[in-house]
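Hello,

Here is the structure we talked about handing over. Please open it first, then read the notes below.

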Number of protein chains: 2
Amino acid sequence: MSVFVTPLTPLAFLERSAAVYRDAPAVVDGERRATYGELGAHATRLAGALRASGVAPGDRVAYLCRNRLELLVAHFAVPLAGAVLVALNTRLAAPELRALIEHSGARLLVADASAPAAAALAGAGRPASLHEIAWADPPPDAGGIAYDDLLARGSGEPPRWGVDGEHATISINYTSGTTGGPKGVMYTHRGAYLNALGEVATAGLGVGSAYLWTLPMFHCNGWCHPWAVTAAGGVHVMPHEVRGPELWRLIDREGITHMAGAPPVLAALAGAEEARPLDRPLVVMTAAAPPNPVVLAQVEALGARVIHVYGLTETYGPHTVCAPQRDWTGRPAEERARLLARQGVAMVMADPIRVVDSDGRDVPADGRTMGEVVMTGNNVMKGYFRDPEATERAFRGGVFRSGDLAVMHPDGYIELRDRAKDIVISGGENISTIEVEQAIASHPAVAEAAVVGVPDERWGERPKAFVVLRAGRSATPDELAAHVRALLAGFKCPDRFELVEALPRTSTGKVRKHELRRAEREGRAPA
Amino acid sequence: MSVFVTPLTPLAFLERSAAVYRDAPAVVDGERRATYGELGAHATRLAGALRASGVAPGDRVAYLCRNRLELLVAHFAVPLAGAVLVALNTRLAAPELRALIEHSGARLLVADASAPAAAALAGAGRPASLHEIAWADPPPDAGGIAYDDLLARGSGEPPRWGVDGEHATISINYTSGTTGGPKGVMYTHRGAYLNALGEVATAGLGVGSAYLWTLPMFHCNGWCHPWAVTAAGGVHVMPHEVRGPELWRLIDREGITHMAGAPPVLAALAGAEEARPLDRPLVVMTAAAPPNPVVLAQVEALGARVIHVYGLTETYGPHTVCAPQRDWTGRPAEERARLLARQGVAMVMADPIRVVDSDGRDVPADGRTMGEVVMTGNNVMKGYFRDPEATERAFRGGVFRSGDLAVMHPDGYIELRDRAKDIVISGGENISTIEVEQAIASHPAVAEAAVVGVPDERWGERPKAFVVLRAGRSATPDELAAHVRALLAGFKCPDRFELVEALPRTSTGKVRKHELRRAEREGRAPA
């Protein structure tokens, strides 16, 4: 630090808004409301409480909460204490959560009753590293302490807003890896700061903005929106469920101007009985799959503007945006939908997006030649926590290899064509097909299994399993589903289990998943 | 550089916009129009031309131009060539310009006929360091080469967009120092990048924005707007003069959404015959003096939104903004004007603004206790070029000492009360009273002189001189004015020279300027 260099950190955004907008609204969470002054005071108090609870600089603090005031506070309080935030997916099953918490080495967990598996972590199944569980809104007989008792440990002495080095880790976000164990994606203070400003610029967030939290904060730290909305001095509004009536109630009552989420959020917005033309501008940022042209038209007919973005956990959420051109307005709806379905160009704070061949050379911008999407720059993760090998693999060739396959159009916009990684994206959640296959194969009756994504109107894609049973053994699809549900989050469990004689394989023995997908689409048995 | 760290530089903004908005409008300069693709090509070509002309990394390249396409291009092309941009004030006199160019050591000057003194630099009066002058729109018989001939030296091979280290100097902006020689304020690539994003967030710049260049680009690199508007993909519109009819012509024809400037710009806007209610939002950023309540009301009555900012050359232009609070709307006009007249709070990318006593301790936030405004952070200059002593003085105590005196209000907003430095601000131009006094005192008939700022309806302040003649010598005010005009820019020459018997002094011999100002306000002779 010197007179003219201050390390970049999103902590500065709450420091500023807590002072500048101290009496202005910051959070609406059900009947609870907080001003920016109160949000700042809550964060400094909790940071002090974490220190008093033995959390040391660099320690991990895990959260297992729905979108709520406490999880927003954590995005500032945990780094303010010098620690690293690990926001966990509330939809995961107890064994999954246990593995992630142990991998992170978190010593403290803050949880609420929204995660079905939360209670299981408190008892005999408590992860080894965990010293303490604090409950915001506890399930019955949970053990641990109340969140308010944790908070009460905080002294009045506020910690210094700021960080010594901007490349310090601010958070770890677990992603479902396609191979091996959990992958903890490390974000830096600098990356989070720049991403937040990039979101402000891309979405046009300002002091009059009201942001509806339809996107889970445990996904890529809510695409850095906890920091971006706070930088802008906008209001964070927490819906209690992501369904039409609740969304429209808050749009009306809180004057929502921005929201974000996977395509089901768009569908919930447009499909609600309450849907009606908006009386103020609304920006809806969407990712995980191109917006469905019908839903896109419905949402735009309400007067909302849809921004299509694309990224991965490893890129702090959105890395590209399908930046609209001035001359797109007025084009036929079908053409606009086709243009907007593309993943687009790098956001303003990101390095240019590239699509490369197997030798790492850019493919021609012809809209036809496929290659792998690769990224570099300040919004690429620092690496995987405690996994130098996986980090090295992801960074080979001096770029982050997304595993996604795309073409580069002549206008410089990328369009995804396929995923090189075996991932199904269902309602914005990544599902590793390999993980699901392993879960199925652990059933004693199963010889082998293959899982593919099949199109689904509501969720975009859903996993489907093709299962070969061991000779002389039997298992019903319901038995297999129950087996998987005991091991994995419910959303990862295939909707359908099809028992087959054998899986189609290449001459080298690889399952021809492409063939399974095609057979599924065409409604016939796999060859 | 690594996979996840790219040095911050505003060059990235043009690299991106030239690709993403290649066919969209970027510049309107009279009848000339350029797309972002053309702007990018112009910049890369000029960067190659500078290299081919012997400009080496770290060299300075000076510009003496009105706001025009070429000066905008320079903000990218010069750093793209690895060099440092020195944009000079076209209103300065030949001796002043010569001193600045020599101090900078610039080897190349790009000039146009807008600077009255430009031709004088081309002939026998050419600064020693200067190898070459290139003319964009030359005065008659100017010598040197044409800008297009310079440009033609550029090879087709585009330089790499980017910089090796983000703390490298991108530009030097000369400020009228109150003591000693010229002070060259050094900006870094990182500072320029962050300031530009801060401007985007503060002004709400976006791809639909059209920015009217009423603010000279030679002032603090136009408050980083060359980079900010380009980051947003907005349109740069160059007025040929900052007068009502031209402003309103462009507001209508080009759909202006943003502009910036000193209070005379507001007055020109509101006072024009063409003034009428706007049919789209217009944001006007103003600095140098609090907006006059009457003009503020006039401008707001047109439908424009005024943003009051404050900063210095040393802070890349604006550092604070009088951030409006939600509950200010609807208050009585008089109260709103009083609230908006304050210099406000740190912008989103800046460290918190402070007001300190002589021991460097924060003054109480009581709206009464005066102290000095001090700044730190990424938008504070790296230092004064080739002047470590002045840099050390400016940075003593580990902060940048603005020299401005202010109070801190209970709501955290600062309000300037006086200037510790002897500066008159006239129409947004800083005038060092010491420099003017020295120019007057160099007249053989003058014993001593004192210059103070007196209120002026159009320019905010104008300098006035109190002059004591040598015994037995005589000089008329007109003779003194002619003498000053030969040495300094016309705007620095006092409007009035009052001959007095003696200057009021303190017991230690310091001129009591406060008394001169008060006497002037009260219309009586100084004691």
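**Chain A overall**

Of the 527 residues in chain A, 56% count as buried. Please keep in mind that this is a predicted model. Chain A holds 17 helices and 26 strands. Its C-alpha trace spans about 70 × 60 × 50 Å along the principal axes. The radius of gyration of chain A is 23 Å, which agrees with the value near 24 Å for a compact globule of 527 residues. Now the contacts with a sequence separation of 6 or more. In chain A, 68% of them join residues 24 or more positions apart.

**Domains**

The domain assignment splits out three parts of chain A: domain 1 (33-162), domain 2 (350-419) and domain 3 (423-522). The centres of domain 1 and domain 3 of chain A, taken over C-alpha atoms, are separated by 35 Å. Five residues of domain 1 of chain A are in contact with five residues of domain 3 of chain A. On the domain 1 side, the residues that touch domain 3 of chain A divide into three nonpolar, no polar and two charged.

**The two copies**

How is chain B laid on chain A? A turn of 180 degrees does it, with a shift of 0.0 Å along the axis and an RMSD of 0.1 Å. The two copies are thus related as by a two-fold rotation axis.

The contact takes 34 residues from chain A and 34 residues from chain B. Four elements of chain B give two or more residues to the side that touches chain A: α1 (11-20), α7 (189-203), α9 (225-232) and β16 (345-346). By class, that side of chain B has 21 nonpolar, nine polar and four charged residues. Of the interface residues of chain B, 100% are also interface residues in chain A, so the copies meet through the same surface.

**The nonpolar core**

The largest nonpolar core has 358 residues. Those with the most contacts inside it are A:Ala77, A:Leu109, B:Ala77 and B:Leu109. Take A:Leu109. Leaving out residues up to four places away in sequence, A:Leu109 touches A:Ala62, A:Leu64, A:Ile101, A:Leu121, A:Leu130 and A:Ile133.

**Residues to look at**

*A:Ala18.* This residue is found in helix α1 (residues 11-20) of chain A. Is A:Ala18 buried or exposed? A:Ala18 is buried, because 24 other C-beta atoms lie within 10 Å. Neighbours within four places in sequence aside, A:Ala18 is in contact with A:Tyr36, A:Gly37, A:Leu39 and A:Gly40. A:Gly344 is 326 residues from A:Ala18 in sequence, and the two are 35 Å apart in space, C-alpha to C-alpha.

*B:Val27.* Strand β1 (residues 25-29) of chain B holds B:Val27. B:Val27 has 23 other C-beta atoms within 10 Å, so B:Val27 is buried. Not counting residues up to four places away in sequence, B:Val27 touches B:Arg33, B:Ala34, B:Leu39, B:Leu69, B:Leu72 and B:His236. B:Trp328 is 301 residues from B:Val27 along the chain, and their C-alpha atoms are separated by 36 Å.

*B:Ala118.* Look in helix α5 (residues 118-122) of chain B. B:Ala118 is buried, because 24 other C-beta atoms lie within 10 Å. B:Ala118 touches B:Leu64, B:Ala111, B:Ala113 and B:Pro139, not counting residues up to four places away in sequence. The C-alpha atoms of B:Ala118 and B:Leu487 are separated by 15 Å, with their positions 369 residues apart along the chain.

**Backbone points to check**

Most residues other than glycine have a negative phi. Which values do B:Asn221 and B:Cys224 take? Phi of B:Asn221 is near 50 degrees, a positive value. B:Cys224 has a positive phi of about 70 degrees. Neither residue is a glycine.

B:Asn221 sits in helix α8 (residues 220-223) of chain B. B:Cys224 lies in the loop between α8 and α9 of chain B. B:Asn221 counts as buried, because 28 C-beta neighbours lie inside 10 Å. B:Cys224 also counts as buried, with 28 C-beta neighbours inside 10 Å.

Best wishes

Note on methods:
Residues are numbered from 1 along each chain as its sequence is written. Chains are lettered from A and ligands numbered from 1 in the order in which they are written. This is a predicted model: local features need pLDDT of at least 70, side-chain atom pairs count only at pLDDT 80 or more; totals for chains, interfaces and linings use all residues. Domain bounds come from an automatic or database domain assignment. Two residues are in contact if their C-beta atoms, placed from the backbone, lie within 7 Å. Ala, Val, Leu, Ile, Met, Phe, Trp, Tyr, Cys and Pro count as nonpolar, Asp, Glu, Lys and Arg as charged, and the others, Gly among them, as polar. Copies are superposed by least squares on the C-alpha atoms of residues with pLDDT of at least 70 in both. A nonpolar core is a set of buried Ala, Val, Leu, Ile, Met, Phe, Trp, Tyr and Cys residues joined through C-beta atoms within 7 Å. A residue is buried if 20 or more other C-beta atoms lie within 10 Å of its own, exposed if 12 or fewer, and partly exposed in between; C-beta atoms are placed from the backbone. The radius of gyration is taken over C-alpha atoms; the globule rule is 2.2 Å times the number of residues to the power 0.38.
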